[in-house]
Amino acid sequence: MLDREDVKFLDDLDPYLYKMMMVDIRKGNYDYLHGALGVGTYFLSRIDKEEVHVYLNELLTELEKSGITCKNNAIKWISVIDHETGEKGYNISLSHGMSSIAAFLIRLHQLDFETTRVIKLLIRTVTYILDQITYTEGSNSYFPSFSKENSKGSYYSRLGWCYGDLGIANTLLRAAILLKNEEWQKLAMKILLHNCNRRDLRENVINDAGLCHGSAGIAHIFWNLYQNTQIEKFKKTTDYWLGVTTQMAKYSDGSAGFKTWRKEENGGPEKSNKLLDGISGIGMTLLSILNSREIGWNECLMLS
C-alpha cells in the first residue's frame, strides 16, 4: 500500500494537470478517457490536498456553466462524437459521454464535496439520460449509442462497458441508491436484468474478449452486480460471459491465446497487452472473479 511519501512526486505534477484539465473542459472536452473528467477523477484520490478542492470546484463550475438546459430542467453537454469527421453531438455513454459525468458527480458526493450543487446537477444529468430511452417491446437495448438526436434513426446499442445499456444502467443504479430514488432503482434493475438475456455475439458486436467492449468486460460488470445484489441471474450471466471469454483464447500466436479485434483493412486481429482492449484487462477480470472480493479497481472504470 502506497503512503503519502511514496507519491510525493505527484505534488509537482498536479498544477500542470490542473491547467490541462481546465483547458479541456473550457474547450468542451469533458471526455473521461481523453479529457477533463479523467484528470478530475485522478484529483479525487488527492482530495486531502487543499488546492485540489479549488481544482475540483472550478471543474464543477465549468460543468454547470457549459451544460445546455432542455425540457424538464434536464441538462446535456455537447462533445465530439466522431473524431474522424469532427462531428459534434450528445453522447450518453459511460466511456466518453454523460454517464461518466453522472458517475463523477456520484464520486464527488461520496467524498462530501459540494453536495448540494452536486445533487442538483446529478438529478438534471440523469433526467436527460432517462429521456434517451428508446426501448419498445422486443427491442434489443434500452438506450441508443449516443442520444436520440444523434443516433440517425438507429436506436440500437452494443453490449459492453464503453457504450450502451450496461454502463448507463450501472450509473443509473448508483445514482438511484445515492438519492434513494426507488423509481430509478427499479428501472435500472429492469434494464440490467433485460441485458442478461442478450447473448448473441454478432447482434451485440462482441468480437473479442477485451475489457472495454468485449466479453471480459461484460463478465466483469455482471460479476460486480452479483457481488452487490446477490441476484442469481447476474451470477449465471457472469458464468456465461466467462465461458465466451475462454473461447476467445483461440489464437496460437496470441497473448495467452487472445487477440484484439481489428478490421481486416486495418491489419486484422492483433496482440495487445493494454488494459482496455488487451490481456491486462482480461487478466484483471479473471483474477477479480477468482478472488471473490470487493473489486477495488472498479473506480477506474467508473463502476464504483
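Trainee: Which residues touch the most other members of the largest nonpolar core, and how many residues does that core hold?

Mentor: The core has 87 residues, and M21, F43, L56 and L108 touch the most other members. Keep in mind that this is a predicted model.

Trainee: What makes a set of residues a nonpolar core?

Mentor: Its members must be buried residues of the nonpolar kinds, joined through side-chain atoms within 4.5 Å. In soluble globular proteins, nonpolar side chains tend to be buried together.

Trainee: Which residues is F43 in contact with, leaving aside its neighbours within four places in sequence?

Mentor: F43 is in contact with D14, L17, Y18, M21, V52, Y55 and L56. Two of those names, M21 and L56, are also in the group that touches the most other core members.

Trainee: D14 is in that list. Why is its pairing with R46 called a salt bridge?

Mentor: The N to O distance between the side chains of R46 and D14 is 2.8 Å. The cut-off is 4 Å between a side-chain nitrogen of Lys or Arg and a carboxyl oxygen of Asp or Glu, so this pair qualifies. R46 sits in the loop between α2 (36–44) and α3 (50–66), while D14 belongs to helix α1 (residues 10–26), and the two are 32 residues apart. Both R46 and D14 are buried.

Trainee: And R26 with E58: what makes that pair a salt bridge?

Mentor: Their side chains meet at 3.9 Å, N to O, and the limit is 4 Å, so the pair counts. R26 lies in helix α1 and E58 in helix α3, so the bridge ties together parts that are 32 residues apart in sequence.

Trainee: Are R26 and E58 buried or exposed, and how do you know?

Mentor: R26 has a relative accessible area of 55%, and exposed means over 50%, so R26 is exposed. E58 has 24%; buried would need under 20%, so E58 is partly exposed.

Trainee: Which parts of the chain does the R107 and E299 salt bridge link?

Mentor: The side chains of R107 and E299 meet at 3.5 Å, N to O. R107 is in helix α4 (residues 98–110) and E299 in the segment after α10 (279–291), 192 residues apart. R107 has 9% relative accessibility, under the 20% limit, so it is called buried. E299, with 40%, falls between 20% and 50% and is therefore partly exposed.

Trainee: How many salt bridges does a search of the whole structure find, and which residues do shared partners join into one network?

Mentor: The search finds 18. Salt bridges that share partners join K8, D11, D14, R46, K49 and E51 into one network.

Trainee: E299 makes me curious about Y32. Why is Y32 called buried?

Mentor: Y32 has 9% relative accessibility and the limit is under 20%, so Y32 counts as buried. Y32 is placed in the loop between α1 and α2. Leaving aside neighbours within four places in sequence, its contacts include E299, C300, L301 and M302. The C-alpha atoms of Y32 and M98 are separated by 9.4 Å, though these residues are 66 apart along the chain.

Trainee: What makes an empty space a cavity and not a pocket?

Mentor: In a cavity a 1.4 Å probe fits but cannot get out, whereas a pocket is open. There are two cavities of 30 Å³ or more. About 40 Å³ of space lies in the largest cavity, lined by S99, A102, V126, I129, I168, T171 and L172. Helix α6 gives the largest share of that lining, three residues.

Trainee: How many charged residues line each of the two cavities?

Mentor: The largest cavity has no charged residues in its lining, with five nonpolar and two polar. The second largest cavity, of about 30 Å³, has two charged, four nonpolar and four polar.

Trainee: And which residues lie closest to the centre of the largest pocket?

Mentor: That pocket holds about 560 Å³ of space. Of its 17 lining residues, R158, C162, C212, H213 and R262 are closest to the centre. By class, the lining has seven nonpolar, five polar and five charged residues.

Definitions and conventions. Residues are numbered from 1 along each chain as its sequence is written. This is a predicted model: local features need pLDDT of at least 70, side-chain atom pairs count only at pLDDT 80 or more; totals for chains, interfaces and linings use all residues. Side-chain values use heavy atoms; hydrogens and water are left out. Helices (H or I, at least four residues) and strands (E, at least two) are DSSP runs, numbered from the N terminus. Buried means under 20% relative accessible area, exposed over 50%, partly exposed in between (1.4 Å probe, protein chains only). Contact means heavy atoms within 4.5 Å. On a 1 Å grid over the protein atoms alone, a cavity is a set of points where a 1.4 Å probe fits but cannot get out, and a pocket is an open set with protein on both sides within 12 Å along at least five of seven lines; lining residues have an atom within 4 Å of a point. Grid points are joined across faces, edges and corners, and a volume is the space filled by probe spheres set on the points. Ala, Val, Leu, Ile, Met, Phe, Trp, Tyr, Cys and Pro count as nonpolar, Asp, Glu, Lys and Arg as charged, and the others, Gly among them, as polar.
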